[in-house]
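Got your viewer open? Load the model and follow along, one selection at a time.

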Amino acid sequence: FFCQGRSRPPPPRPRRCQPTAPMLAFNVKTTEPVPVEERLRRHVDTSRFPSGHAFLKDLQGWREKMRSQRFGTNGAEAVRDGQLRYYALATHAEHHFRTVDLKNEAKVVFRWYDTFSTRRFVDQPDWAFERASVLFNVAGALSYLATSQERGDPEQIKLACRYFQEASGVINELRKIASSASWLSFTPDMTDDFLEALSCIMLAQAQKCFYEKAVADGRSHAIVAKLAAECAALYQDAGLKLKAPLLQEAISSEWLAVVDWNRALFDGVQNYYAATALGEAGEYGACVSRLTHAVNRTAEAVNMCQRHSAALQKQFRDAHALAKDAHAKAKKDNDSIYFDRVPPYATLPKLPRHALVKPLRPEGLDVPPPE
């Protein structure tokens, strides 16, 4: 015990927790073959488009390449580049054959399947639909590239962060195309609700890269708390958007679970780090309140993932253990030394957030004008 007038010892500084929670990537959509070269050949006006037949041959060849590309056999970088190449050709085709009725005159209909519910599909005789579906695959390749990086490496974590932001940027471009589309049928993965949530998840994972690097670099707890608060907010936003009944039914349950784990985890982590500043400022009761919340939320994350592998659970259990240890020490000191009132968590102000990410537009989306 310390007598009034004597200096009080500062509360112990919590250790750092770095929950490298799982990152999400999504697969490419699949499509059926379409004989575009054969069915558009008679619509080529060689007086206005001398290279029209060569263009159609190139278009057909790249569509077949695009259609068969997979991460496991081709690699995510080759998939991204191949999809972007075909996207450029499809963009030009939309211009060259803008007067052709694809459905009735050319008998060209594009069929694309949902990436999660692979039996669901939509048919559309529309170049915009084709382009939007290809952009989904570009974003998928970027997400796969991002999750393939070793985030413990300073350079690779920067790449992962950029790829996630580019994936978000591609999804936003896709949403622009879909928002002005003439078609009314969508697979669940192409609904605006899901695309908005997907873009948000990609940004959350990019922000998480900054968070992990800040922890690894030993940045101040105040800064780490703000980065974690932005992660928590982005996951919260994505989770709310994924609550739509159609998405709950159609989207992979593992995806929904990982978003929920991260919502709980980063809500706890932001309060774990913010509690340090409160303790150092003499707000011992508020420090205990935030650590109590941190313990509860990280415990929720542990409970939600307990059916999964021990290796995956470890990061959540470690975060919970750190929060629990810090809470026990802070509560003991407050009960025996400071006697500060512990306010209800709901009465505490929201933590400040620091966003370091935004959607980025990859160069390949800027298609040069057709000849």
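How much accessible surface does the protein have, and what share of that belongs to carbon and sulfur atoms? Turn on the surface to picture the answer: about 17500 Å², with 50% belonging to carbon and sulfur atoms. Keep in mind as you look around that this is a predicted model.

Now hide the surface and switch to a cartoon. You should find 13 helices and two strands. Rotate the C-alpha trace onto its principal axes, and the span is about 95 × 40 × 35 Å. Colour by burial next: 53% of the 371 residues count as buried.

Contacts are worth a look too. Take the pairs with a separation of 6 or more: 79% of those contacts join residues 24 or more positions apart.

Next, select the charged side chains. There are 50 positive and 43 negative charges, and the mean positions of the two groups lie 5 Å apart.

Time to zoom in. Select residues 127-147, which form helix α6, and pick out Arg 131 there. Is Arg 131 buried or exposed? Arg 131 counts as buried, because its relative accessibility is 12% and the cut-off for buried is under 20%.

So what surrounds Arg 131? Leave out the neighbours within four places in sequence, then show Tyr 87, Ala 90, Thr 91, Glu 94 and Ile 177: Arg 131 is in contact with each of these. For a last stop, show the side chains of Tyr 87 and Arg 131 together. They make a polar contact at 3.1 Å.

Note on methods: Residues are numbered from 1 along each chain as its sequence is written. This is a predicted model: local features need pLDDT of at least 70, side-chain atom pairs count only at pLDDT 80 or more; totals for chains, interfaces and linings use all residues. Side-chain values use heavy atoms; hydrogens and water are left out. Helices (H or I, at least four residues) and strands (E, at least two) are DSSP runs, numbered from the N terminus. Buried means under 20% relative accessible area, exposed over 50%, partly exposed in between (1.4 Å probe, protein chains only). Contact means heavy atoms within 4.5 Å. Accessible areas come from the Shrake-Rupley method with a 1.4 Å probe; for residues, only the protein chains shown count as cover. Lys and Arg count as positive and Asp and Glu as negative; His and the chain ends are not counted. The place of a charge is taken as NZ of Lys, CZ of Arg, CG of Asp or CD of Glu. A polar contact is a pair of N or O atoms within 3.5 Å; within protein, one must be able to donate a hydrogen and the other to accept it, and residues adjacent in sequence count only if both atoms are side-chain atoms.
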